[in-house]
Amino acid sequence: MRLSSLPIATQKEAPADAEVISHQLMLRAGMIRKLAAGIYSWLPLGLRVVRKIETIVREEMDRTGALELLLPSVQPGALWHQSGRWDLYGPELLRFTDRHKRDFCYGPTHEEVITDIARRELRSYKQLPVTFYQVQTKFRDEIRPRFGVMRSREFIMKDAYSFHIDEPSLDQTYQVMYDAYTRIFERTGLRFRAVEADSGAIGGAVSHEFHVLADSGEDAIAFADDGDYAANVELAPAAPPAQVQTGSGAAMEKVATPGAESIAAVSESLGLAPRQCVKTLFVCAADEGPPVALVLRGDHELNAVKTVKLPGVAEPLRMAGPKQVQSATGAAPGSVGPVGLSGPVYVDHAAAALADFACGANEDGFHLVNVNWERDLPRPQSVDIRNVLAGEPAPDGHGTLSIARGIEVGHIFKLGTKYSAALGATVLDDSGASIAMPMGCYGIGVTRIAAAAIEQNHDSAGIIWPQAIAPYQIMIIPLNQAKSDAVREKSEQLYARLADNGYEVMLDDRDVRPGVKFADCELLGIPVRVVIGDRGIKNGTLEVRGRRDSDNENIAPDELDNYLERKLAG
């Protein structure tokens, strides 16, 4: 491709609302343009990256024996009513009615539609197992789309669905897909981890997420330094402390703490470490009754995924409002505590192991110190409702935990019969009995991979694409070709030769300063640049440089093929 034929200009500065580096660089490089909040147009260079990712995904899906199809993006609400997700999915589901007043939605995922296909087409266990997949546009009406295409409302996704006669068959396909995903992310050149995860609104008992490791990741993942354990922090279990503290015998005392409403302020006011304080949070109850109290150590964070699974807690998790807290305790949220509470209370394992701790007195501007379980309030049956921390033992007993940030780019699920039972997708087994088919679901965020690759591979000059998904492999940069027939002729000859040899090559034939060409080449992240100038022609050399290299090399033209083979291998 000739850059002079590309009418989309690069930009020196990114818009102020571009928060993360991938969003900034994709806009600056002319890969995407914003149409509306969370909705982006993919321009030619960006689309080339997406298509390369799609090709890798398709090759690995086909390798597993999965069958590609294409399902409608607009789905009838009747299917979602049958599965029970029309109301459960929440406001992210874009609902609308057609001219006949029938409910429809724009598909955020396709479990219902593929199960409808299965119940119509699959009749016998002899047709199983079978896996279908598609690469298609999805829409999820995010309440706050951000980070460009990393959390957009419209995106391209590969979703696959498998159908089985029994759970062992599902287990086998699940492992096949796990291995395929591993190959996909290895081929796209990403550093990633597969972690145990919560299944969320999709459902199912077992799932794994695939995370690209990057400081900008929205998810925290916990993994063992010396073992194989890895899980999303929202799922990683926090074990009870090995030892329970022993009280000093000092009497519980009420202390004035005017204006101290946060753990940091209370700790400073009382001269105690946050870990020796407890905080009491209130969440809405499932039956719209009194709010549920959650008691944690002051230095720990509430885990919403664990909490919403507790009996009596509303789903999705909602924090109780100040009026609800006041009604339940007689105090504002900053002064509440577990002593004397009459409603439902859940206490985290770590908080239950404390002695001589401080907590709110359920009176505005006051806290209690030297509080002890059993003596001052009943000892609870503790639960796990907190996030794990770095340095804690790994849940499987092997090594200690580290915490890293990750960008979720893939998620696989064992769905069981959640959808097949609800929609009547059954087959006859070898004895003639009707069986609801166990299902698996396997998703990859195609457009999110593009952004995640940039988050993991960039420098101050721009993008550094992994070779497999770069929009082009080589950039030829002629210097002052408008004034040099020799430079122009050599550049054209090399451009034609490399293209004929199967390379994906760009020619920067624009009439702009060399500095602009070099800057754009680095911004676009092209793996190799080849510079042709009068001095090089005179000396019989080409100036070459890999995008990850810090120095140029001068090589003879007949050495270029070997250089490219070495740089573009993989």
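Is Cys 521 buried or exposed? Cys 521 is buried, with 3% relative accessible area. Keep in mind that this is a predicted model.

**View 1. How the chain is split into domains.** The domain assignment cuts the protein into three pieces. Domain 1 comes in two stretches, 16-236 and 402-455, while domain 2 covers 253-383 and domain 3 runs over 472-567. Going by C-alpha atoms, the centres of domain 1 and domain 2 sit 37 Å apart.

**View 2. Where domain 1 meets domain 2.** Five residues of domain 1 and four residues of domain 2 make up the contact. Together the two domains bury about 370 Å², and carbon and sulfur atoms account for 44% of that area. On the domain 1 side, look for Asp 198, Glu 234 and Ala 236: they lose the most area to domain 2, adding up to 77% of what that side buries.

**View 3. Polar and charged bits of the same interface.** Three residue pairs are in polar contact across the interface of domain 1 and domain 2. Sorted by class, the domain 1 side that touches domain 2 has three nonpolar and two charged residues, with no polar ones. As for salt bridges between these two domains, the count is zero.

**View 4. Cysteines without a partner.** Why does Cys 277 make no bond with Cys 359? Cys 359 holds the closest cysteine sulfur, but that sulfur is 9.2 Å from the one in Cys 277, so the pair is too far apart for a bond; the cut-off for a disulfide is 2.5 Å. Cys 277 is also buried, at 1% relative accessibility. Over the whole structure, the number of disulfides is zero.

Technical notes
Residues numbered from 1 in each chain as written. Predicted model: local features only at pLDDT ≥ 70, side-chain atom pairs only at ≥ 80, totals over all residues. Heavy atoms only, no water. Domains from an automatic or database assignment. Contact = heavy atoms within 4.5 Å. Buried area = accessible area lost by both parts, 1.4 Å probe. Salt bridge = Lys/Arg side-chain N within 4 Å of Asp/Glu carboxyl O. Polar contact = N/O pair within 3.5 Å; in protein donor to acceptor, adjacent residues only side chain to side chain. Nonpolar A, V, L, I, M, F, W, Y, C, P; charged D, E, K, R; others polar. Buried < 20%, exposed > 50% of the residue type's maximum accessible area, 1.4 Å probe, protein only.
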